[in-house]
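Visitor: Please take me slowly through one part of this model, the packing of a helix pair, and then place it in the wider chain.

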Amino acid sequence: MEKQLPASLSRQHSVNALMIEREATSPRPPQQQSPAADEEEEKTPLLQGKSDLEGVSTKKGTGRWNLRTLTLLVVLWIACILISSCYSMIAPFFPHEAQKKGCSLLVVGVILSASPFCVFTTSPIFGYLLPKLGIRFSMIFGFLLVGVAFILLGFLQDLPDGWLFIVAATVLRMTEGIGSSLAFTGMYTLLPVLFPSRVGLVMGVFEVGSGLGFAVGPPIGGLLYTVGGFMLPFVSVGATVLLIIPPTFLLYKKTSCQPKVISFGVIRRLSGNFVFVLLLISQVICLTALGFLNPTFQPFLHKQFGLDELQVGLVFICAPAMYMILAAIFGALADKFGPRGFIVSGFLISGVSFFLIGPATFITTPRLWLTIVASLLMGVGLAPAFIPSYSDLLKIAKTQHPEVNTEVLTGVVSGLTSATLSLG
């Protein structure tokens with residue numbers, strides 16, 4: 001055995017040498033790349049040059065909660081609350097002041113609706129142009145328009161009665177709406193780019209901020225009006241919006257990126273996708289459901305149950321409160337388990353709540369406890385019905401157009417979402 005071992009090793013060495021020689025002379029097969037590498041080569045981004053998100057970027061597909069990004073998100077969340085409150089805070093006192101200036105209730109309604117009308121009409125346009133405008137410009141210029149317009153609204157009381165007051169108020173509300181459209185389109189585009197795997201969670205958190213602004217706006221506006229008169233609510237809140245501009249400018253670094261605007265062909269193909277359009281319609285329905293009770297709920301509660309204004313307000317806030325509480329939760333769950341099941345179940349719950357809130361005459365007679373439970377149930381249903389729809393829209397857009405840069409697609413989707421919010 002000891003004498004045969006060297007010969008065995010020698011034969012093995014010869015075989016190994018022969019195999020090495022064959023490998024050296026034989027043609028090498030083309031080197032296979034990983035699926036991720038293939039995917040990167042197949043993509044042709046529409047944004048050329050450096051990313052517009054340099055300085056706040058995150059790891060691809062995960063999202064990194066570094067200090068700079070977290071601070072930027074907090075600043076933008078506060079901006080979301082302030083801009084939403086600008087829309088709602090004038091409700092307790094502006095109609096009365098406008099009537100003293102000679103405005104009819106119809107004219108007051110036109111002035112108040114000028115802001116959401118401009119958001120509805122301009123959001124898709126800004127979503128289309130966002131790659132050219134840039135995210136930082138969109139947010140900062142939007143904050144500037146909202147802040148300046150809201151401050152100038154405080155000086156309307158110095159104008160003479162009649163058409164001059166009406167025109168000035170309408171123009172300023174339209175300017176505020178255009179600024180809101182720019183700001184929200186920029187913010188809603190930035191969030192999915194920063195955290196692509198946590199779109200539902202982050203969007204849910206910002207939807208909580210938006211709902212919070214709408215909810216606290218009227219009492220804050222009424223309080224400031226009581227303390228300082230007509231001018232104080234506009235000047236104080238408008239100046240606070242302007243204070244958001246410096247930290248946003250410092251935390252968000254823009255580079256010399258020269259982006260290209262997305263083609264109309266992409267938008268046309270998205271508008272031809274049945275599920276994509278159905279999700280947009282569902283967003284309109286959700287926001288319509290939240291605002292549906294505004295003109296009807298107070299008379300019903302007062303006539304049916306004899307509730308005073310404070311009691312009506314407590315019942316009124318049930319649905320938006322539940323919506324705000326559950327928005328971020330359902331957003332995170334939708335990121336983990338998928339959005340479609342939550343959307344469908346949310347609409348089913350909301351539908352049941354509308355049957356119970358009256359309630360429908362074939363169910364039972366009106367009962368206060370049942371109306372309160374139905375209001376809470378409405379908020380429970382609308383949160384999963386609306387929040388996951390944004391991430392689902394973005395997923396459809398990416399699947400249908402994988403060649404388009406994510407930043408471009410999120411601009412289009414966020415613009416359409418802002419439009420549906422205002423329409424609802």
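**A helix pair and its surroundings**

Guide: Buried residues, meaning those under 20% relative accessible area (exposed is over 50%, partly exposed in between, with a 1.4 Å probe and protein chains only), make up 45% of the 424 residues in the protein chain. This is a predicted model, in which local features need pLDDT of at least 70 and side-chain atom pairs count only at pLDDT 80 or more, while totals for chains, interfaces and linings use all residues. Residues are numbered from 1 along each chain as its sequence is written, and side-chain values use heavy atoms, with hydrogens and water left out.

The chain has 18 helices and 2 strands, taken as DSSP runs numbered from the N terminus (H or I, at least four residues, for helices; E, at least two, for strands). The pair to look at is helix α3 (residues 67-88) and helix α7 (residues 163-194), whose axes come within 11 Å and cross at roughly 150°. The axes are lines fitted to C-alpha atoms over the stretch in contact, and angles run from 0 to 180 degrees between N-to-C directions. Because angles over 145 degrees count as roughly antiparallel (under 35 roughly parallel, 65 to 115 roughly perpendicular, the rest oblique), α3 is roughly antiparallel to α7. The crossing of α3 past α7 is left-handed, a term for a near helix turned anticlockwise from the far one by less than a right angle.

Where the two helices are in contact (heavy atoms within 4.5 Å), the α3 residues include Leu-72, Leu-76, Cys-80 and Ile-83, and those of α7 include Ser-180, Phe-184, Met-187 and Leu-191. By class, this contact has 13 nonpolar, 3 polar and 2 charged residues, where Ala, Val, Leu, Ile, Met, Phe, Trp, Tyr, Cys and Pro count as nonpolar, Asp, Glu, Lys and Arg as charged, and the others, Gly among them, as polar.

As for the wider chain, among contacts between residues at least 6 apart in sequence, 83% join residues at least 24 apart. One buried position is Ser-389, at 0% relative accessibility, which lies in helix α17 (residues 368-400) and touches Leu-279, Gln-283 and Ile-343, leaving aside residues up to four places away in sequence. Ring pairs, in which the centres of Phe, Tyr or Trp rings (the six-membered ring for Trp) lie within 6.5 Å, link Phe-94, Phe-150, Phe-165, Phe-230 and Phe-234 into a cluster.

Key
Rings of Phe, Tyr and Trp (its six-membered ring) pair if their centres lie within 6.5 Å; planes under 30 degrees apart count as stacked, over 60 as edge-to-face and the rest as tilted.
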